[in-house]
Amino acid sequence: YTKRALNELRRYGGNATFFVVGERCSKNHYNLCRQHNGLYSIQSHNYYHEIGGSYSVSDMFKWKERMDTELKALLGVGPTIIRAPGGRENALVRAGYGMPLIHWSIISNDISSSGKANVDKVSANVLRRVKDGDVVLMHDLCINCNEYTRVIMETLNEQGWLCVTVEELFHDAGIELVPDQVYYSTTWDYSKK
């Protein structure tokens, strides 16, 4: 469904960061190359989508190296930031993972057990809360992700918004992304830990 979401982002001039699960990369070379060539940001969502604590620190670093190696082989560049599966960054921070960790300030709630999201609910959930500097979590795993992407992008365009990558968002706000720090939005107070 990634191709459909990319078409809508491109139609409305939106950019995005795609946090990819490493084990899925080998079956998605076309999409990854299209994203990379379209100047979207391809970043890490870990090699495996492990949420629980059943893995060791050693496993985390092996997966990090594998993700870096495979993306570099395919795209020529490896990930520079990570979104922890399930938003569980603490283990990575404690381990000194060595990458900035991206959370979110708005979750779209677009994941459903049926694989099809409610377009009106997802769109309204994002559009009623979004403000400048937000990191919005959406997924390209839903069969109709293009539909809510279209509604959100069209509305944001009409309102004069520009959708950018995570890196562009923080750079434009003058916030340097540093390793082992969790980032939520550009309006968060990062002086308090």
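**Exercise 1. A salt bridge of Glu70**

With which residue does Glu70 form a salt bridge, and how far apart are the closest N and O atoms?

*Solution.* The model examined here is predicted. Step one is to identify the partner: Glu70 is paired with Arg66, and their closest N and O atoms lie 3.2 Å apart. A salt bridge requires such a separation to be within 4 Å, and the 3.2 Å found for Glu70 and Arg66 meets that requirement. Step two is to place the pair in the chain. Both residues belong to helix α3 (residues 57–75); because they are 4 residues apart, about one helical turn separates them. Step three is to consider accessibility. Glu70 has a relative accessibility of 29% and is classed as partly exposed; Arg66, at 38%, is also partly exposed.

**Exercise 2. Another pair in helix α3**

Determine the N to O distance in the salt bridge of Lys72 and Asp68, and locate the two residues.

*Solution.* The side chains of Lys72 and Asp68 meet with an N to O distance of 3.3 Å. Helix α3 contains both residues, with a spacing of 4 residues, or about one turn of the helix. For accessibility, the partly exposed class lies between 20% and 50%. Lys72 has a relative accessible area of 44% and is therefore partly exposed. Asp68, at 24%, is likewise partly exposed.

**Exercise 3. A salt bridge between distant parts of the chain**

Describe the salt bridge of Arg150 and Glu8, and state whether each partner is buried or partly exposed.

*Solution.* The structure as a whole contains 5 salt bridges. In one of them, the side chains of Arg150 and Glu8 meet at 3.4 Å, N to O. This pair connects distant parts of the chain, since Arg150 lies in helix α6 and Glu8 in helix α1, 142 residues apart. The accessibility of each partner is then considered in turn. Arg150 has a relative accessible area of 28% and is partly exposed. Glu8 has a relative accessibility of 4%; the limit for a buried residue is under 20%, so Glu8 is buried.

**Exercise 4. Packing of α1 with α6**

Characterise the packing of helix α1 with helix α6 by angle, distance, handedness and contact residues.

*Solution.* Two packed helices are described by the angle between their axes and the distance between the axes. The axes of α1 and α6 (residues 145–158) cross at roughly 15° and come within 8 Å. Angles under 35 degrees count as roughly parallel, and α1 and α6 are therefore roughly parallel to each other. The crossing of α1 past α6 is right-handed. On the α1 side, the contact involves Arg4, Ala5, Glu8, Leu9 and Arg11; on the α6 side, it involves Cys145, Asn146, Thr149, Arg150 and Met153. Sorted by class, these comprise 4 nonpolar, 2 polar and 4 charged residues. Glu8 and Arg150, named in this contact, are the partners of the 3.4 Å salt bridge.

**Exercise 5. Packing of α1 with α2**

Apply the same analysis to helices α1 and α2.

*Solution.* Helix α1 (residues 2–11) packs with helix α2 (residues 29–37) at an angle of about 15°, and the axes are 10 Å apart. This angle makes the two helices roughly parallel. The crossing of α1 past α2 is left-handed. Thr2, Lys3, Leu6 and Asn7 of α1 make the contact with Tyr30, Asn31, Arg34 and Gln35 of α2. The contact residues fall into 2 nonpolar, 4 polar and 2 charged.

**Exercise 6. The surroundings of Ile106**

Which residues are in contact with Ile106, leaving aside its neighbours within four places in sequence?

*Solution.* Ile106 is located in strand β4 (residues 106–107). With those neighbours excluded, its contacts are Asn125, Val126, Arg129, Val130, Asp134, Val135, Val136 and Leu137. For Asn125, the sequence separation from Ile106 is 19 residues, and the C-alpha to C-alpha distance is 8.5 Å. The relative accessible area of Ile106 is 2%, and the residue is buried.

**Exercise 7. Positive phi at two asparagines**

State the phi values of Asn46 and Asn109, and decide which residue is buried and which is exposed.

*Solution.* Asn46 is not a glycine, yet has a positive phi of about 80°. Asn46 occupies the loop between β2 (41–44) and α3, and its relative accessibility of 5% counts as buried. For Asn109, phi is near 55°, again a positive value in a residue other than glycine. Asn109 lies in the loop between β4 and α5 (119–127). With 53% relative accessibility, Asn109 is exposed.

Methods. Residues are numbered from 1 along each chain as its sequence is written. This is a predicted model: local features need pLDDT of at least 70, side-chain atom pairs count only at pLDDT 80 or more; totals for chains, interfaces and linings use all residues. Side-chain values use heavy atoms; hydrogens and water are left out. Axes are lines fitted to C-alpha atoms, for helices over the stretch in contact, and angles run from 0 to 180 degrees between N-to-C directions. Angles under 35 degrees count as roughly parallel, over 145 as roughly antiparallel, 65 to 115 as roughly perpendicular and the rest as oblique. A crossing is left-handed if the near helix is turned anticlockwise from the far one by less than a right angle, and right-handed if clockwise. Contact means heavy atoms within 4.5 Å. Ala, Val, Leu, Ile, Met, Phe, Trp, Tyr, Cys and Pro count as nonpolar, Asp, Glu, Lys and Arg as charged, and the others, Gly among them, as polar. Buried means under 20% relative accessible area, exposed over 50%, partly exposed in between (1.4 Å probe, protein chains only).
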